[in-house]
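Welcome, and thanks for taking a look at this one. Please open the structure and keep it beside you as you read the briefing.

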Amino acid sequence: MTAKITFVGAGSVVFTQGLLADLFAYPELDGVHVALHDIDPDRLATALAAARRIAAVRGVKPVLTAHASRREALSGADFVVNMVQIGMAAATRTDFEVPARYGLRQTIGDTLGIGGIFRALRTFPFLKALGADIADVCPEAWLLNYTNPMAMNVQYLAEATGLTRVVGLCHSVYWTVHGLAALVGVPFEEVTYVAAGVNHQAWVLRFEHAGEDLYPRLRELAESDGQLRRRVRFDMLRRLGYYPTETSEHSAEYVPWYLGHDSEVDRLRLPIGAYLEIVAENEAEYERTRRAIAADEPLPVEGTGEYAPQIVHSVLTGTPRTVYGNVVNRGLIENLPSGGVVEVPCLVDGTGVRPTRIGALPPQLAALNRTYLSVDDLVVRAAVEDDPHHIRHAALTDPATAATLPVERIFELCDDLVRAHGDRLQPGLRALLGA
């Protein structure tokens with residue numbers, strides 16, 4: 001198999017390992033060219049060494065190359081897997097520490113909220129450059145994006161780069177339904193389900209087994225199990241009638257009801273700053289991998305069930321399958337804004353990735369998704385129009401931020417974050433506007 005798959009941000013070594021373990025598990029893909037790119041030479045070398053180990057364990061012989069030059073890595077690629085995190089752990093800590101001084105709580109901070117807004121703004125300049133390189137050296141490649149904030153990034157790519165073969169990938173739908181199947185005692189492989197909405201706030205619309213609707217079982221658990229009642233997602237199921245497709249830590253950030261209230265933080269056991277622990281664990285896991293390679297110790301080779309390897313396999317072999325993708329809404333969900341990015345089932349085969357039309361969401365779900373997409377659109381408008389006012393408009397529109405801070409403090413917070421992130425933002429967005 002002579003296809004070329006380029007990993008951009010391959011220094012995300014643990015994630016890269018999981019994707020390669022999945023990719024190399026397909027016998028038909030033996031011999032593919034995997035090009036690894038990262039700007040950190042130590043992480044790039046570690047990723048290459050890990051890739052060689054995984055290939056050996058899987059018994060395959062891919063072509064493995066490592067590139068400090070992004071354009072060199074991209075040249076002639078059929079697929080580009082983006083997993084770059086601009087600013088790495090230091091920038092993420094800033095996204096938490098500065099808002100915390102204002103009394104603004106966050107749990108994950110990578111999708112919506114003030115953390116998601118500034119993560120997007122510092123990622124957009126990279127995405128514009130990446131898009132230009134792809135258009136120049138591999139214009140027919142599929143860009144498979146894992147970098148958060150997913151919906152903002154995919155919308156920006158569509159508007160600022162003109163790329164059309166872009167799909168944002170996330171495992172939240174898969175693992176949500178996997179967990180729900182275990183909860184009701186039904187094998188995941190036997191479940192029929194449909195989900196749709198926006199990334200990290202999609203909704204399980206159908207959940208069935210052998211023709212039986214499993215939602216009554218979930219609703220009964222939501223009412224009867226005291227521990228489940230202390231989870232945000234089950235609280236949302238009770239109030240809205242449908243189950244959201246990301247963890248309770250995530251889900252709490254996208255609505256105004258929880259994080260601003262001490263009683264709700266306690267009732268629902270919300271872990272403030274949880275993502276900082278994940279960041280620290282990721283750093284520690286990288287060091288463990290690095291030491292294992294240096295000591296010639298075995299590495300774990302475990303599949304992840306991620307969608308990117310499945311898409312590569314389906315496109316190259318013609319094997320049909322369904323994945324969940326984040327794509328620009330062109331009539332896919334009729335009561336969400338056109339041009340926003342929605343998460344829907346996508347059919348994949350030798351012709352590529354084709355999103356499926358859902359129709360209309362239940363109105364209470366669409367209402368929440370529309371607010372989410374309004375924030376996204378304002379962040380994209382800020383960058384595309386080079387207008388720093390829209391950063392503040394996005395923060396004012398964000399549910400959790402607006403529920404916690406008065407307008408003056410929101411403007412002051414945005415100024416502080418602009419100062420903190422400095423030259424990571426495009427020049428026109430570095431203006432301080434005051435309260």
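What follows is a short tour by topic, from salt bridges to helix packing, a hairpin and two database annotations.

This is a predicted model. The structure holds 27 salt bridges, and a handful of them are picked out below along with the elements they join.

**Salt bridges between distant parts of the chain**

- Aspartate 42 and arginine 290 form a salt bridge, with 2.9 Å between the closest N and O atoms.
- Because aspartate 42 sits in helix α2 (residues 41-58) and arginine 290 in helix α12 (residues 274-294), this pair ties together parts that are 248 residues apart in sequence.
- Aspartate 42 counts as partly exposed, at 32% relative accessibility, and arginine 290 is partly exposed as well, with a relative accessible area of 35%.
- Another salt bridge is formed by arginine 381 with glutamate 159, where the closest N and O atoms are 2.3 Å apart.
- That pair also links distant parts of the chain, with arginine 381 in helix α14 (residues 363-384) and glutamate 159 in helix α6 (residues 150-161), 222 residues apart.
- How does burial compare across this second pair, buried or partly exposed? Arginine 381 counts as buried at 17% relative accessibility, because the cut-off for buried is under 20%, whereas glutamate 159 is partly exposed at 36%.

**A salt-bridge network**

- Glutamate 223 and arginine 238 meet through their side chains in a salt bridge of 3.3 Å, N to O.
- Glutamate 223 belongs to helix α8 (residues 215-224) and arginine 238 to helix α9 (residues 232-240), so the salt bridge ties together parts that are 15 residues apart in sequence.
- The relative accessible area of glutamate 223 is 47%, which makes this residue partly exposed; arginine 238, at 26% relative accessibility, counts as partly exposed too.
- Which residues are linked with these two in a network of salt bridges? Arg229, Asp235, Arg239, Glu264 and Arg267 are linked with Glu223 and Arg238 in that network.

**Helix packing**

- Helix α1 (residues 13-23) and helix α2 have axes that come within 10 Å and cross at roughly 25 degrees.
- With angles under 35 degrees counting as roughly parallel, α1 and α2 are therefore roughly parallel to each other.
- The crossing in which α1 passes α2 is right-handed.
- Helix α2 is also the home of aspartate 42, the salt-bridge partner met above.

**A strand hairpin**

- Strands β12 (residues 341-349) and β13 (residues 352-355) run antiparallel and are joined by four bridges.
- Two residues lie between β12 and β13, and the strands form a hairpin.
- Where does valine 348 find its bridge partner in β13? The partner is valine 353.
- As a general reminder, side chains in a regular strand alternate between the two faces of the sheet.

**Annotations from UniProt**

- An unreviewed UniProt entry carries the annotation "domain: Glycosyl hydrolase family 4 C-terminal", covering residues 196-401.
- In the model, residues 196-401 are 46% helix and 18% strand, and the end C-alpha atoms of this span lie 25 Å apart.
- UniProt (unreviewed entry) also places the feature "binding site" at Asn148.
- Asparagine 148 is found in the loop between β5 (142-145) and α6, and its relative accessibility of 16% makes this residue count as buried.
- Helix α6, on one side of that loop, is the helix that holds glutamate 159, the partner of arginine 381.

Note on methods: Residues numbered from 1 in each chain as written. Predicted model: local features only at pLDDT ≥ 70, side-chain atom pairs only at ≥ 80, totals over all residues. Heavy atoms only, no water. Pairing = 2+ DSSP bridges. UniProt positions renumbered as here; feature names shortened; annotations may be inferred. Salt bridge = Lys/Arg side-chain N within 4 Å of Asp/Glu carboxyl O. Buried < 20%, exposed > 50% of the residue type's maximum accessible area, 1.4 Å probe, protein only. Axes fitted to C-alpha atoms, helices over the stretch in contact; angles between N-to-C directions. Parallel < 35°, antiparallel > 145°, perpendicular 65-115°, else oblique. Left-handed = near helix turned anticlockwise from the far one by under 90°.
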